[in-house]
Amino acid sequence: MKVGTAWVDITPGEPIPIMGQLGPRLGEYTHDPITVNAVVFDDAGAKAALVSCDLAMLPDHLTRRAQEGCSRKIGMKAGNVIIACTHTHLAPYTVESAIGKPEAAYIDRLIEAIVESVVRAHDDAEEVDLFAAKGWLDQMGFNRRGRHADGRVDMYHGSWNSDFAGIEGPRDGEVAVVCAKRGDGSVKVVISSFSTHPNAVERERYYSADVAGAVRSTLRRNLGDDLGVIYLTGAAGNTAPSILENNKQNIQPWRGEEGLKRSGLYLGGEILKIVAGATEPMADAKLRLLKAVVPIPIRQWPRDLDLSKFPAGAFRDYYEYSKRIWPELLKNENPRNVHLNVLRLGEAAICTNPAELFVEFGLAIKEDSPARVTLICELADGYVGYVPTPQAIKNGGYCTMPATTSMLAAEAGDIMVANTQELLRQAFKEEGAHS
């Protein structure tokens, strides 16, 4: 197979609003670059591209605009360009909300950068061997939803609270990797997936790729400055760097500037270990891309949700704004078309979705996958918000309460899992399951 890679800096040159929190912020300076990172696969003329952007999200209309731009430039089908976001909270707005809105000039530059990265990756293609393997992390990617003694659940409700009654769900410590190596053994591209909100320094007022950037730095220091790094955020709607259990003093070693450095070394180090241990190339690294567009309804606004019980401020304002526009969403955007992809790379598969998908659903996809190594990639090919489990919706709390960032029906996750599993079966049906 031929593989090419390229990346383009998308850091603004001026202070503009950055998204990811419930209050307004400007990016006052650059902590580390935010970039668009592309890889193009060419299997005897069958082509696909995978792009990882250091953005919180990219809505459907901007995704289609970028895909069509790539198609015009290199002749690849627009739908064969998969565009994902890492979910840094330190990059400019790409969607309008109650708090901020995108800067038109920046959006134009962003679309141009995505197209440029894919074109350059396409032109960079060379013969490589593909490898796939996986490892495990005991830290990072902790479940971030804590139970109260009365059964309620809140994000980041931890054991430093007297009524902490445990966490709601699991975590996924698996690190899945696909890498491409040249004939001389040098590594050309690393694609990795890990299930955590990649936000160690999320509340700052500067531009940063956050954990994704720290991981890229670790990999390039060891494998070369020309290394392509495609960072994919796994099913991480309810996982994050914060430790809730057995943490009475609320000490958070994976947060802040030190936590960012530690994350880059820890996750990046595991990826390096996986790459170094991957000594057997795939014998038949065939490329297949299967797609599905699944309509999923928006749920009704609950009649018993009393917003007045929340303290006045940004949190309540956010939900009141959502309540005001909910009838319009039900009228004009119901159902939402959810774009799912399965990109088969030999014995590995990359399964993408446009949600902030709860980790339970990522685990379910991998459990039934016929691929030897399965990478989950959320926030790809559009944005449909959080997709919690039905039980999490009943338990309440941020991520599950109805909002512009959490709107799909309670059965959305199960629908997405079933459709992804079917795409996986089709992708591998001629060979059966791998052990």
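In what order do the four strands of the open sheet stand, and is the pairing mixed? The order is S8-S13-S14-S15, and the pairing is mixed. The legends below begin with this sheet.

The model is predicted, so local features need pLDDT of at least 70 and side-chain atom pairs count only at pLDDT 80 or more, whereas totals for chains, interfaces and linings use all residues. Residues are numbered from 1 along each chain as its sequence is written, and side-chain values use heavy atoms, with hydrogens and water left out.

**View 1. The four-stranded open sheet S8-S13-S14-S15.** Helices (H or I, at least four residues) and strands (E, at least two) are DSSP runs, numbered from the N terminus. Two strands pair if DSSP finds at least two bridges between them. Strands of a sheet pair through backbone hydrogen bonds, either parallel or antiparallel. The four strands form an open sheet with mixed pairing. Strand S8 (129-136) and strand S15 (228-233) stand at the edges with a single partner strand each, so one side of each lacks a neighbour in the sheet. On average, neighbouring strands of this sheet are turned by 15° against each other, direction ignored. Strand S13 (residues 174-181) and strand S14 (residues 187-194) run antiparallel and are joined by six bridges; Val177 has Ser192 in S14 as its bridge partner. Helix H4 (residues 256-277) lies across S8, S13, S14 and S15 and runs at about 55° to S13. Here contact means heavy atoms within 4.5 Å. Axes are lines fitted to C-alpha atoms, for helices over the stretch in contact, and angles run from 0 to 180 degrees between N-to-C directions.

**View 2. Strand S15 and its partner S14.** Buried means under 20% relative accessible area, exposed over 50%, and partly exposed in between (1.4 Å probe, protein chains only). Six of the six residues of S15 are buried, so this strand is largely enclosed by the rest of the structure. Both of its faces are covered: Gly228, Ile230 and Leu232 are buried on one side, and Val229, Tyr231 and Thr233 on the other. S14 and S15 run parallel and are joined by six bridges, with Val190 opposite Val229 in S15. Together with helix H3 (residues 210-223), S14 and S15 make a right-handed β-α-β unit. A crossover is right-handed if, with the strands pointing away from the viewer, the path from the first strand over the helix to the second runs clockwise.

**View 3. The five-stranded open sheet S5-S4-S3-S1-S7.** The pairing in this sheet is mixed. S5 and strand S7 (126-127) stand at the edges, each with a single partner strand, so one side of each is left without a neighbour in the sheet. Strand S1 (residues 2-9) runs antiparallel to S7, and two bridges join them; Glu126 in S7 is the bridge partner of Val3.

**View 4. The hairpin of S3 and S4, with the crossover to S5.** Strand S3 (residues 35-43) pairs with S4 in the antiparallel sense over eight bridges, and Phe41 has Ala48 in S4 as its bridge partner. Two residues lie between the strands of this hairpin, and Ala44 in the turn has a positive phi of about 55°. From S4 the chain crosses through helix H1 (residues 60-74) to S5 in a right-handed β-α-β crossover. S4 and strand S5 (residues 81-85) run parallel and are joined by five bridges; one pair of bridge partners is Ala49 and Val81 in S5. Strand S4 (residues 46-53) is mostly covered, as six of its eight residues are buried.

**View 5. Helix H5 and its bend at Ile325.** The expected span of a helix is 1.5 Å times one less than its number of residues. For the 19 residues of helix H5 (residues 314-332) this value is 27 Å, which agrees with the 26 Å between its end C-alpha atoms. H5 bends by about 45° at Ile325, and Pro327 follows within four residues. The bend at a residue is the angle between axes fitted to the seven residues ending there and the seven starting there. The buried residues of H5 are Tyr318, Tyr319, Ser322, Ile325, Trp326 and Leu329.

**View 6. Backbone features in three loops.** Pro335 is found in the loop between H5 and strand S18 (336-345), and a cis peptide bond with omega of about 0° joins Asn334 to Pro335. Tyr156, in the loop between strand S11 (153-155) and strand S12 (164-167), has a positive phi near 65° although this residue is other than glycine. Leu379 lies in the loop between strand S21 (373-377) and strand S22 (385-387); its phi, near 55°, is also positive. Leu379 counts as buried because its relative accessibility is 1%.
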